[in-house]
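Here are a few notes to help you find your way around this one. They go from the overall make-up to single residues, so keep the 3D view open as you read.

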Amino acid sequence: MGEVYRGRDPRLGRDVAIKVLPANASSDPGRLQRFEQEARAAAALNHPNILAVYDVGVYDGVPYIVSELLEGQTLRERVSSGPIPMRTALDYAVQIAHGLAAAHEKGIVHRDLKPDNVFLTPDGRVKILDFGLAKLIDQESTGVVSSVLPTSPPGTIPGLVLGTTGYMSPEQVRGKHVDRRTDVFALGVVLYEMLTGRRAFVRDTVPETMTAILRDDVPDLRNSNPQVSLPLEQLMRRCLDKDPARRFEAMHDLAIALSTIEVTPTSSTTAVMSVPEFVPPAPEKRRPGLPMAAVIFVALAFGAIVAMVNGC
C-alpha cells in the first residue's frame, strides 16, 4: 500500500509514523483510491486496538497518512517463530475481536485481516492495521446510521475478488456480498495460525488455496496442539463455517465467547504421571518402660523369694 517513515511532530513533541504512496503509485487510480479508503476508515475509528490516525493530506502531489508510531512486531513475525501459547493466543484474539467490533459499530468491515495487519506492542497490546480494503456495511441490513464517509463505491462489482489469498472468506472467494461475518471467518483463520504456527488454508497455487477455502475443513486443531481445549476447537470451527449464517453473527459475541474459555491444566490431552515423594516411615512408638534399675530390683526380689521357698 505504501512506504512508512518515522517522523517527528514538533507541535506536540512526539514521534509518529508517516505513510506515503510511492511516486510511481500515486498516479495509479486503484492504489490511490485504496490509500484514501484506508485514511478515511482509520480516521473514523477511535479504539485502543486500532492504529490511531492523526492526520491525512497531500504534499507536493504525494498523499500521506500520519499515525501513531508503534514499537514491537507484527503477528506474522511472532507466528513465524512457532505456535503461541493458548492463554496468549486467546488474549490476542479477544483484543482483535474488540477492535473489529468497534469498526463494525461504525459500519466498517476490514475485509483483509491477517497476521501482517496485526501489530503486537511490547506491553502486549494488539493494534489492527491497514483498512485499505475496508467496506461500508450496507445500512439497510444492519440498521447502522453512520456519518462515516463511504470507504468504497456503493455496491461491489459482482465477481470482483478483493482480499489476501488464504485469509479470504468463501463469499470473498466467490466475489459475493460480504459483511461483518467475513471478518469473523478471517479471525478464525488467524486464531488457527496462532495456535498451530501453520496457515489454515495454504496450497501450492492460488487457485488450489481458494478451492480449499471453499471445500476443505482445517485439520483437527488439537492434533496439532494438545494444549487446545475442546471448547476452543468448537469455537474456531464455528468461525470457519463455510456458511456465513452459521458463524457468529456479531464480533462482540465472538469476543465474549473467547473471554469465557478457561485455560486450565486439563486443557491438555496428555497426562503427566505424578510420583509421590518417598517419605521414610516414622519410628514405631513404644509405651514407656520401667527404668533398668527397677527391672533389676524386681528380678533380685523374685530370686530371693524363690530361695526362701526352696529352703522351707
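Before the hairpins, one term: two strands pair if DSSP finds at least two bridges between them. Also keep in mind that this is a predicted model.

1. **The overall picture.** The protein has 312 residues, and 44% of them count as buried. Its secondary structure comes to 12 helices and 9 strands. Looking at contacts with a separation of 6 or more, 65% are between residues 24 or more positions apart.

2. **The hairpin of β1 and β2.** Start with strand β1 (residues 3–9) and strand β2 (residues 14–20), which run antiparallel and are joined by 7 bridges. One partnership to look for is Asp 9 with Arg 14 in β2. There are 4 residues between the strands, and Gly 13 has a positive phi near 65° in this hairpin.

3. **The hairpin of β3 and β4.** Next come strand β3 (residues 53–59) and strand β4 (residues 62–68), again antiparallel, with 6 bridges joining them. Here Gly 57 has Tyr 64 in β4 as its bridge partner. This hairpin has 2 residues between the strands, and Asp 60 is the one with a positive phi, near 50°.

4. **The cores.** In soluble globular proteins, nonpolar side chains tend to be buried together. In this model the largest nonpolar core has 58 residues, and those touching the most other members are Leu 75, Phe 131, Leu 191, Met 194, Leu 235, Leu 254 and Leu 258. Elements that each supply at least two residues of this core include α3 (75–79), β7 (118–120), β8 (126–128) and α8 (206–215). Which helix gives the largest share? That is α4, with 11 residues. There is also a second, separate core of 6 residues, with Phe 35, Ala 39, Val 53 and Ile 65 among them.

5. **Helix α11.** Have a look at helix α11 (residues 251–260), where Met 251, Leu 254, Ala 255, Ala 257 and Leu 258 are buried. These residues are on the same side of α11, because they cover an arc of only 165° around the axis. What do the buried residues of α11 pack against? The answer is α4 (86–105), α7 and α10 (230–239). Take Leu 258: leaving aside neighbours within four places in sequence, Leu 258 is in contact with Leu 90, Ala 93, Val 94, Ala 97, Leu 191 and Leu 235.

6. **Leu 195.** You'll find this residue in helix α7 (residues 180–196). Is Leu 195 buried or exposed? It counts as buried because its relative accessibility is 0%. Not counting residues up to four places away in sequence, Leu 195 touches Pro 83, Ile 84, Met 86, Ala 89, Leu 221, Asn 225, Val 228 and Leu 232. Val 79 is 116 residues from Leu 195 along the chain, yet their C-alpha atoms are separated by 8.8 Å.

7. **An aromatic pair.** The count of aromatic pairs comes to 1. That pair is Phe 185 and Phe 201, which are stacked, with 6.1 Å centre to centre and 15° between the planes. Phe 185 sits in helix α7 and Phe 201 in the loop between α7 and α8, so the pair ties together parts that are 16 residues apart in sequence. Both rings belong to buried residues, Phe 185 and Phe 201.

8. **Lys 127.** Here is a lysine worth clicking on, in strand β8. Why does Lys 127 count as buried? Because its relative accessibility is 9%, and the cut-off for buried is under 20%. The side chain of Lys 127 reaches the backbone oxygen of Pro 48 at 2.9 Å. Beyond its neighbours within four places in sequence, Lys 127 is in contact with residues including Asn 49, Ile 50, Leu 51, Glu 68, Leu 70 and Asn 117.

9. **Thr 74.** Last stop: Thr 74, in strand β5 (residues 73–74). With 17% relative accessibility, Thr 74 also counts as buried. Leaving aside neighbours within four places in sequence, Thr 74 is in contact with Pro 115, Asp 116, Val 118 and Phe 119. Val 118 and Phe 119 are also among the contacts of Lys 127.

Technical notes. Residues numbered from 1 in each chain as written. Predicted model: local features only at pLDDT ≥ 70, side-chain atom pairs only at ≥ 80, totals over all residues. Heavy atoms only, no water. Buried < 20%, exposed > 50% of the residue type's maximum accessible area, 1.4 Å probe, protein only. Contact = heavy atoms within 4.5 Å. Arc of directions from axis to C-beta. Core = buried A, V, L, I, M, F, W, Y, C linked by side-chain atoms within 4.5 Å. Polar contact = N/O pair within 3.5 Å; in protein donor to acceptor, adjacent residues only side chain to side chain. Phe/Tyr/Trp six-rings, centres within 6.5 Å; stacked < 30°, edge-to-face > 60°.
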